[in-house]
Amino acid sequence: MGDALLEIKNLESFYGPIMAIRGVSLKVEKGQIVTVLGANGAGKSTLLKTISGIMDPEKGQVIFKGCEIQGQEPHRIVQHGIVHVPEGREVFPLLTVDENLTLGAYTRNDKVGVQRDREMVFDYFPILAERRGQEAGTLSGGQQQMLAIGRGLMLSPEIMLLDEPSLGLSPLLVQEIFAILRRLNAEEKVTMVLVEQNARIALDLANVGYVMEIGRIVMDGTAERLMQSEDIKAFYLGHQEAGQRDERRWKRKKTWR
Amino acid sequence: MEVLQLLVSGLANGCVYGLIALGFVLIYKATEAVNFAQGDFMMLGAFVTLGLTNAEHMDLPFWVAAPLAILVMAALGYLLDFFVLRRLFGQSQTAVVILTIALGFVIRFVAGVIWGHEPQTLESPLSIGDINIGGVVLGMADVAVIVVTVLLTLFLFQFFQRTKLGLAMQAASQNQMAAYYMGIPVKRVQGLIWGLSGATAAIAGILFASKGAIDPNAGLLGIKAFAAAVIGGFGSLPGALVGGLIVGVIEPFASRYFAAGYSQIAPYVLLLLVLVFRPNGLFSQVRVKKV
Amino acid sequence: MSLLEIKEATLKFGGVVAVNNLSLSVEEGEVYAIVGPNGAGKSTVFNLISRFYQPFSGSITFDGQNLLDRAPDQVADLGIARTFQNIELFDHATVLQNLLVGRHRHRKTSLVEELFFAPRVRREEIAHREVVEEVIDFLDLQPYRDKMIAGLPYGVRKVVELGRALATGPKLLLLDEPASGLSVEETQDMRWWIDDIRKQMGITVLMVEHDMGLVSSVSDRVLALADGAKLAEGTPAEVQADPAVIEAYLGVGAV
Amino acid sequence: MRVLFKTSYNDDIRLFPDRWTLAVYAALLALAVLLPVLLDEFYIGEVTNVLIWAIAGLGLMLLTGQTGQVSLGHAAFLAIGCYTNTILIEAGLPFIVAFPLAGVITGVVGAIIAIPALRLHGIYLAIATIALSILADDIIVLLDPWTGGVSGKFPAVITIFGLEIERWTMPVRFYYLVLVVTMICTLFYRNLLRAPLGRAFAAVRDSEISATAMGVHIARTKVKAFGLSCMITGWAGALMGYYAGAFNNETFSLVISITLLMMIVIGGLGSIHGAFFGAVVVAFLPQVLSIAKGAMIGGSVAIPGLETGVFGLILILFILFEPMGLYGRWLKIRTWFELFPFARKDMFRRQKSYLKTERLR
Amino acid sequence: DTQGVSDTEVVIGSVNDLSGIFAAVGVPAVNGANLRFDEINAAGGVHGRQIRFVVEDNGYQIPRAMQGYNKLLNRDKVFAMLLSLGTPMNTAGFKLLDPKGIPNISPLSASVQMLQEPAHNKFTGFSSYWDQVQAGVRYLAGEFDSKEICSMYIPSDFGKEISDSTKAITSSLGLSFAAETTHKPDELNFVGSLTKLKSAGCDIVTMALGVRQGITVVGTAKKLGWTDVKFLNTSAGFLGVVAAVPGGVTEGLYASAGWVDLTARADDEVPAKFMADYNAKFDKPASGFSMLGYTAADTLIRALEAAGPDLTQEAFLAGMESLSYFDALTDTDITYAADDHRGADDIVISVVENGMWRELSRQ
Ligand SMILES: Nc1ncnc2c1ncn2[C@@H]1O[C@H](COP(=O)(O)OP(=O)(O)OP(=O)(O)O)[C@@H](O)[C@H]1O
Ligand SMILES: Nc1ncnc2c1ncn2[C@@H]1O[C@H](COP(=O)(O)OP(=O)(O)OP(=O)(O)O)[C@@H](O)[C@H]1O
Ligand SMILES: [Mg+2]
Ligand SMILES: [Mg+2]
């Protein structure tokens with residue numbers, strides 16, 4: 001184990017009186033892909049938002065390359081090389097696809113590199129090239145998701161925080177996106193923190209996984225180990241899919257509770 | 001001849017509205033807030049210049065005082081954002097609207113305390129001399145207003161359209177969170193735009209004061225400029241200019257040809273008509289949400 | 001006669017042909033799914049039915065009536081309810097209030113009665129609440145009843161949206177990606193719910209979905225769309241086996 | 001800490017959620033009734049003024065807070081209510097008929113005016129209503145035969161079944177009249193909120209597109225909101241006319257419209273409490289400042305316009321301190337007491353928040 | 001006993017505009033009055049009573065004005081009102097003052113309504129707008145043989161009084177009323193209106209506009225090369241700053257008012273002292289309205305003195321009605337009587353010359 005690129009210690013975040021993450025610690029090493037699994041409302045998005053400065057933590061530290069960065073303004077955190085591809089697209093609806101991508105490279109000054117990356121994004125998502133002049137708000141849901149991911153790539157980040165990148169994408173595109181992520185990780189050594197509902201594909205891609213429940217990390221381990229866990233199988237991979245109708249009401253007790 | 005005279009002075013007049021409207025639009029374009037104190041900013045800009053240049057005050061040469069006043073107002077705009085508006089970051093725009101209305105009260109009060117409530121005249125080289133082209137008379141100030149407004153609109157338009165910062169400002173107004181995700185220092189960008197609009201207000205104030213007298217209530221004009229900005233389609237810079245010109249031109253024609261009692265309502269009736277047929281102004285950027 | 005019938009509908013946005021001469025019919029009591037690559041025009045079909053968009057050509061009939069004669073707000077009156085791909089709830093209201101808005105089309109009281117809160121208003125309110133509580137029970141939304149929408153997890157909001165559509169008491173339910181963003185567990189719930197909606201409530205369901213597991217387990221028929229036009233139609237198995245669908249949509253590695 | 005147990009659907013619909021709340025408001029009402037015993041003429045006059053503003057605030061709140069339609073022209077509707085009432089009474093109608101009718105007529109006029117304004121949103125609606133407020137002034141002048149033009153009108157003494165009410169010589173009677181109207185308007189407002197229409201208002205405010213999909217007719221709902229809002233505002237206008245004792249084209253100026261909007265925002269958009277809290281601030285604060293100035297630096301002017309300047313400054317502080325309005329602060333204080341001693345001190349710290357464009361509808 | 005009077009104090013109230021569109025009038029007037037009250041208080045007051053002058057700012061809004069009246073009458077319990085500004089505010093205020101019989105002295109409104117019935121408690125300082133216009137038009141018409149009379153005004157009671165008076169004098173002199181234009185207080189372009197008036201052939205134009213607007217009108221007319229016309233202002237525009245606009249913009253502008261301009265008499269003893277005192281106290285140059293405030297306060301003090309140590313409303317009113325003196329500051333005779341509740345009856349017609357108002361005639 002090398003030095004952690006990103007380390008989170010005992011982080012707590014609130015929405016007003018509601019405590020959304022309750023003392024989360026985790027480590028991300030350089031070049032790793034870490035996935036965070038968890039049911040709806042577990043606090044996964046909150047965790048990513050707190051890392052990227054969109055929310056202020058109440059307690060705890062976020063350490064990036066040895067520096068504490070928690071509570072900084074979000075744009076400072078981007079300047080450190082941390083990119084967050086948010087849940088729910090969040091494109092600039094009245095700007096064109098091209099302008100959205102340009103803004104993705106806002107912090108960069110190397111014109112050549114930006115141009116190359118733009119070509120790369122268009123290469124990954126040809127539909128965006130086709131629609132470069134269209135206002136982003138009129139793209140279809142999936143197209144907006146592609147744009148959001150493409151825009152994140154334009155920043156040429158050191159570490160990417162991806163919040164449900166597969167949301168609303170067609171099965172084909174989901175495969176493609178994950179192939180792209182794998183390639184970025186392999187070729188450009190981009191470190192990633194991935195939050196995904198589609199646990200199977202996430203664990204397949206990731207090296208390490210964490211499981212969150214009601215704001216806490218309840219389980220962690222290598223992706224292989226998690227994949228073997230009965231709980232994971234039952235709740236995140238959907239192995240009991242073929243179960244009886246009545247089984248729905250009877251929820252299997254999770255062993256980590 | 002008469003018609004031409006009416007038209008030309010209407011255009012000059014409209015440019016003043018356009019200038020103030022530009023200030024409105026700038027803020028809106030970058031923050032989606034409406035600065036109801038824009039008219040008062042203009043008044044303040046005029047008074048700052050007056051304070052710097054008039055003989056009974058600091059008596060600086062006009063061409064030193066004017067840029068200085070523009071700088072002062074830009075700084076004021078930035079500081080206002082820095083110390084006050086930033087605390088409202090992410091809060092509903094109504095809060096900002098109310099804040100700027102209240103700010104207008106304060107600005108008027110401060111101007112009244114410093115410069116008194118009686119109308120005063122700016123000692124400006126622009127207020128002297130007329131140009132007479134074939135019987136159509138235009139004051140120097142009118143000519144200056146037209147030239148400056150057109151140049152400023154072009155400049156700002158280019159700025160928003162062509163520069164990365166301009167684009168970032170638009171982005172920041174559409175989705176603050178996403179703008180942050182892009183690494184755009186949203187608060188600083190908004191501070192810059194408040195500074196820029198302060199500078200615009202100062203320019204408007206100087207030109208306005210060169211055309212006549214000013215007093216602390218001169219900012220009331222802001223409402224008509226607001227109407228102009230809306231006619232143009234709030235958020236569009238050329239729209240602000242066009243809206244200003246429309247309001248400016250309709251006025252002299254209405255007072256020339258309409259009966260007393262009716263003429264002064266023309267700009268507002270026009271505004272309502274425009275809105276009935278184009279609910280989002282002439283050059284709007286309002287869309288139906290795609291679901 | 002089919003419950004919903006779209007005939008040769010076409011819609012363009014500038015140069016983009018979003019729906020291209022598309023015909024489809026949904027029979028009463030079935031679950032009909034639309035799949036297709038991103039940007040194929042699936043949501044646009046929904047928006048046509050909701051009357052948010054006007055087709056360039058073609059016809060849409062519902063229950064024998066010409067839908068194109070209706071204004072968008074009258075669509076609900078006919079018994080068509082929908083959810084949105086990107087969740088469009090009333091954010092500054094509670095879950096209960098959101099569901100109650102669903103009952104709006106059944107409102108019979110007048111403005112004056114409501115101002116004075118006449119007994120009839122009270123009676124009606126209670127009746128609405130009974131319906132809504134049934135929906136809440138059905139969807140297990142009890143813990144969230146009095147919570148504001150802003151601040152609920154994504155998955156719960158999806159369910160609330162489904163609940164709001166159900167509260168209108170529809171004949172036809174349009175679900176735009178009901179399972180996107182849901183966990184495996186919740187997707188399974190969704191599957192049971194859709195089953196119940198069809199079987200117990202007798203509501204016809206037209207849905208757009210990318211989760212082929214869900215699609216194949218609940219739907220009777222599937223339409224695959226690409227570039228606004230029909231690519232394939234048939235049972236889930238047939239469509240999934242269609243080479244054109246695999247090529248354009250599913251990808252070779254798919255389940 | 002109080003916990004509510006709901007045992008029937010009626011519990012959700014009741015005027016007061018529980019006994020405790022009922023008791024609090026009953027006590028408040030008793031206090032209001034006894035007020036003339038407790039306060040002198042000056043304060044009764046001020047409280048009356050606050051209540052009149054609160055009624056106007058309720059009117060605007062219904063439109064802006066519930067339905068999300070910003071109006072900066074409500075002074076025009078105050079004017080319509082005020083003039084209609086006076087004209088009807090001059091035409092021989094008794095107050096008890098003329099006054100309600102004045103509100104209804106204002107509401108109808110408001111609804112008619114709303115029809116062309118329906119397609120307007122946000123600032124576009126705001127400027128249209130500003131124009132309305134400005135035009136009202138000129139229209140009053142042009143309608144001289146009815147309105148008395150620039151010379152204005154003086155409302156007659158109110159008689160209700162032989163009982164005379166005059167604002168200046170009988171401030172207590174006038175206070176009770178205003179109190180009754182306040183209560184009726186509040187009740188109407190509350191009734192709407194628990195009825196389908198109130199929910200439709202909120203639906204239109206939050207998402208027009210899904211309100212439409214739920215079968216809410218946007219235009220019709222907005223027209224109703226406008227009409228009801230104007231009706232309440234019209235009543236406030238009629239009372240304002242009595243309170244002032246004289247009015248003309250300049251009385252209901254744009255400044256009044258702006259003040260009204262400020263009032264409901266500072267009070268807290270979307271709540272009945274907000275209208276009242278806002279009215280206290282906006283209607284009473286200038287007087288407090290004047291009294292404070294008198295106590296501190298003497299009554300005659302030292303710095304001209306000081307009160308207005310300080311008023312502006314205080315409003316700025318209010319907004320900075322609590323952008324969600326006083327009602328928001330009130331809720332926090334109440335929650336704090338309810339949770340006592342379990343409340344965390346940073347519980348109400350503002351989490352960062354972000355805005356999205358409103359140019360998409 | 002009498003409200004607002006104690007052994008040591010008399011409370012005088014005023015509802016004024018210190019922050020609104022007429023602050024340019026209200027502020028200097030109140031300052032002027034304060035100057036006078038400070039003098040008398042320093043000298044021991046009137047009959048041993050200090051004068052407390054309580055001013056409520058109405059921002060030129062009726063609702064605020066009514067709050068001001070509520071405070072002054074019911075809380076401060078004022079003895080009399082002085083220098084209250086605005087015609088609608090004053091007329092609304094009468095509803096409250098009259099039942100209590102509270103005197104209203106020298107309101108800052110030259111409307112004829114300031115002496116409406118019941119008039120026993122109302123006193124004005126100088127001639128009404130109506131009379132000013134009558135005198136002004138008569139003078140100009142006689143002097144320049146004018147035929148066509150016109151009017152520009154704000155649609156308000158102030159504007160109406162001036163336009164009505166213009167029409168009345170026009171017909172009584174057998175002249176013709178050629179045209180009129182109306183304006184909003186925020187209007188700043190008068191090219192259209194002036195073109196209209198010019199083409200109507202106006203010889204005299206009476207103005208009821210804001211101060212700033214008046215300046216612009218005269219300047220614009222000059223720009224348009226329209227020089228054979230006389231613009232006539234009333235006391236509302238009779239200000240030093242109007243005359244002193246740089247570049248001689250307002251040169252040749254006429255004004256008809258109830259007093260003589262201050263700056264023109266800066267060398268005379270009394271005005272000079274006043275200007276020096278004012279400047280020393282407020283650090284601003286004195287203006288016509290500050291002079292008016294001072295004079296009004298002076299009138300009130302004289303009446304209080306005349307009322308004797310036993311101060312009641314009746315005594316005060318009698319005191320007011322007994323006044324008759326020459327006021328060197330305004331250069332007018334101030335006389336009141338039981339049937340004359342108007343102080344200075346003179347109407348002074350002045351013209352701007354070399355940046356100053358020069359008296360032309362007095363009637
Ligand atoms: N704006 C908010 N206000 C109040 N509570 C909130 C807000 N946003 C989220 N929460 C609460 O915080 C908790 C964590 O939310 P978060 O969005 O991080 O969950 P998540 O794990 O990302 O779920 P999902 O899969 O739905 O995205 C949830 O219980 C939610 O109710
Ligand atoms: N208002 C609009 N203006 C321009 N183009 C539009 C508009 N609405 C939709 N489109 C285009 O029409 C096409 C169909 O969009 P639609 O939203 O129906 O796709 P979809 O099948 O729902 O895709 P997804 O699965 O990604 O949601 C897309 O290419 C989109 O860009
Ligand atoms: Mg999430
Ligand atoms: Mg879609």
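Helices and strands are taken here as DSSP runs, with at least four residues for a helix and at least two for a strand. On that basis, chain C of this predicted model comes to 10 helices and 10 strands. The radius of gyration of chain C is 19 Å, close to the 18 Å that the globule rule gives for 255 residues, so chain C is as compact as a globular protein of that length. Its C-alpha atoms fill a box of roughly 60 × 40 × 35 Å along the principal axes.

Burial in chain C was examined next. Of its 255 residues, 61% are buried. Contacts with a separation of 6 or more were then sorted by distance along the sequence. Residues 24 or more positions apart account for 66% of these contacts in chain C. The exposed surface of chain C is about 9100 Å², and carbon and sulfur atoms supply 51% of that surface. Chain C carries 25 positive and 37 negative charges. The mean positions of the two sets are 6 Å apart.

Chain D was treated in the same way. Its secondary structure comes to 15 helices and 2 strands. The radius of gyration of chain D is 21 Å, close to the 21 Å from the globule rule for 361 residues, so chain D is as compact as a globular protein of that length. The C-alpha atoms of chain D fill a box of roughly 60 × 55 × 45 Å, again taken along the principal axes. Buried residues make up 60% of the 361 residues. Among contacts in chain D between residues at least 6 apart in sequence, 75% join residues at least 24 apart. The accessible surface of chain D is about 13600 Å². Carbon and sulfur atoms hold 72% of this surface. The charges of chain D number 27 positive and 20 negative, and their mean positions lie 14 Å apart.

The contacts between chains were then compared. There are 8 pairs of chains in contact, and chains B and D share the most contacts. This interface takes 57 residues from chain B and 47 residues from chain D. The size of an interface is often given as the accessible area lost when the parts come together. For chains B and D, the buried area is about 4900 Å², with 75% of it on carbon and sulfur atoms. B:I98, B:F105 and B:F109 supply 12% of the area that chain B buries against chain D, more than any other three residues.

Chains A and B also meet. Here 31 residues come from chain A and 22 residues from chain B. The area buried between them is about 2500 Å², and carbon and sulfur atoms give 65% of it. On the side of chain A, the leading residues are A:F92, A:L94 and A:Y106. These supply 27% of the area that chain A buries against chain B, more than any other three residues.

One residue of chain A, A:S140, was followed individually. A:S140 is found in the loop between helix 5 (126-130) and helix 6 (141-154) of chain A. Its relative accessibility is 13%. Buried means under 20%, so A:S140 counts as buried. Beyond its neighbours within four places in sequence, A:S140 is in contact with B:K290, C:N38 and C:G39.

Some pairs of chains stay apart. Chain A and chain E do not touch, and their nearest C-alpha atoms are 36 Å apart. No contact joins chain C and chain E either. The closest C-alpha atoms of chains C and E lie 30 Å apart.

Notes: Residues numbered from 1 in each chain as written. Chains lettered and ligands numbered in written order. Predicted model: local features only at pLDDT ≥ 70, side-chain atom pairs only at ≥ 80, totals over all residues. Heavy atoms only, no water. Rg over C-alpha atoms; globule rule 2.2 N^0.38 Å. Buried < 20%, exposed > 50% of the residue type's maximum accessible area, 1.4 Å probe, protein only. Contact = heavy atoms within 4.5 Å. Areas by Shrake-Rupley, 256 points an atom, 1.4 Å probe, with all protein chains shown as cover. Lys, Arg positive; Asp, Glu negative; His and termini not counted. Charge placed at Lys NZ, Arg CZ, Asp CG, Glu CD. Buried area = accessible area lost by both parts, 1.4 Å probe.
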